[in-house]
Amino acid sequence: MSGPRIMNYGMDVGRKVAAAVSRGNNFNRLLRDGNVIEFAPNRCVYELTVKEEHTNPHGTLHGGYATTLLDCITTLAIIANGRGLPGVSVEMNISFLKAAPLGENIHVIGECIRSGKSLAFANCEIRLGKDQQLVATGRHVKHVDINSSLSLPYLWTSSEV
């Protein structure tokens, strides 16, 4: 048994996936603060302007929020691999290289680099929007059981796609 296939990787589907994932009051609601600007096979790019609620006491992007963005956007990239399985985290790491100050526009680029029967591997970069300087880089490994109930129908009904 295999998961459902996403036949159309266009922006419309990407926005619907992000909206479905951020629906409700769970932690994924944090995705509502920005926009998916690219959704393609194995890839998702998200744009966000750093607001006060995203910052640490120094007025820059909080490391915990950056890690949440890595988690969410790499998950969307894994969903975009065509099987539509969000999975559950097995391992995640992030390295912080530069501060992103309050008011700065950032891009979060997630790419699924491999997806097998049970594991998916994704990389992420967070870059400043104006000059694309690297803010953070990370890696995410997820368990994506092909028999999981956590597939696209879990996120929305087929009529919404």
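In this predicted model, threonine 49 has asparagine 105 in β4 as its bridge partner. That bridge belongs to the pairing of β2 with β4, which is antiparallel and comprises 7 bridges. Asparagine 105 itself is part of strand β4. Its C-alpha atom lies 5.7 Å from that of leucine 48, although the two residues are 57 residues apart along the chain. Once neighbours within four places in sequence are set aside, the contacts of asparagine 105 are Glu47, Leu48, Thr49, Arg127, Leu128, Gly129 and Lys130. With a relative accessible area of 23%, asparagine 105 is classed as partly exposed, because the buried class ends at 20%.

The pairing of β2 with β4 is one part of a wider arrangement. An open sheet of 6 strands runs in the order β1-β2-β4-β5-β6-β3, and its pairing is antiparallel. At the edges stand β1 and β3, the latter spanning residues 88-96, and each of these strands pairs on one side only. From one strand to the next, the twist averages 15°.

At one edge, β1 joins β2 in the antiparallel sense through 5 bridges. Within this pair, alanine 40 is placed opposite arginine 43 of β2. The two strands form a hairpin with 2 residues between them, and in this hairpin asparagine 42 adopts a positive phi near 65°. Asparagine 42 is located in the loop between β1 and β2, and its phi is notable in being positive in a residue other than glycine. Its relative accessibility is 30%, and asparagine 42 therefore counts as partly exposed.

A comparable description applies to glutamine 132, whose place is the loop between β5 and β6. Glutamine 132 is likewise a residue other than glycine with a positive phi, here near 60°. Because its relative accessibility is 31%, glutamine 132 counts as partly exposed.

At the other edge, β3 and β6 run antiparallel and are joined by 8 bridges. Here valine 88 faces histidine 143, which belongs to β6.

The discussion now turns from the sheet to helix α2. This helix lies across β1, β2, β3, β4, β5 and β6, and its direction makes an angle of about 130° with β3. α2 contains 17 residues, and the distance from its first C-alpha to its last is 24 Å, close to the 24 Å expected at 1.5 Å a residue. Is α2 mostly covered or mostly uncovered? The helix is mostly covered, with 13 of its 17 residues buried.

Threonine 68 offers one example from this helix, which covers residues 63-79. Threonine 68 counts as buried because its relative accessibility, 12%, falls under 20%. Apart from neighbours within four places in sequence, threonine 68 has contacts with Phe27 and Leu30.

Nonpolar residues form a further part of the picture. In soluble globular proteins, nonpolar side chains tend to be buried together. The largest nonpolar core here has 30 residues, of which Tyr46, Leu76, Ile106 and Val108 touch the most other members. Two or more residues of this core come from each of α1 (11-22), β1 (35-40), β2 (43-49), α2, β4 (105-115), β5 (119-128) and β6 (134-143). Which element gives the most to this core? It is α2, with 9 residues.

The contacts of leucine 76 show how one member of the core is surrounded. Neighbours within four places in sequence aside, leucine 76 is in contact with Val17, Ala18, Val21, Leu31, Val36, Phe39 and Cys44. Apart from the largest core lies another, made up of 6 residues that include Ile78, Leu85, Ala120 and Ala122.

These details can be placed within the chain as a whole. The protein chain has 3 helices and 6 strands, and along the sequence these follow the pattern α-β-β-α-β-β-β-β-α. Of its 161 residues, 43% count as buried. Among contacts with a separation of 6 or more, 67% are between residues 24 or more positions apart. The surface that the protein chain exposes amounts to about 8000 Å², of which carbon and sulfur atoms supply 52%.

Technical notes
Residues numbered from 1 in each chain as written. Predicted model: local features only at pLDDT ≥ 70, side-chain atom pairs only at ≥ 80, totals over all residues. Heavy atoms only, no water. Helix = DSSP H or I, 4+ residues; strand = E, 2+ residues; numbered from the N terminus. Buried < 20%, exposed > 50% of the residue type's maximum accessible area, 1.4 Å probe, protein only. Contact = heavy atoms within 4.5 Å. Core = buried A, V, L, I, M, F, W, Y, C linked by side-chain atoms within 4.5 Å. Expected span 1.5 Å × (residues − 1). Pairing = 2+ DSSP bridges. Axes fitted to C-alpha atoms, helices over the stretch in contact; angles between N-to-C directions. Areas by Shrake-Rupley, 256 points an atom, 1.4 Å probe, with all protein chains shown as cover.
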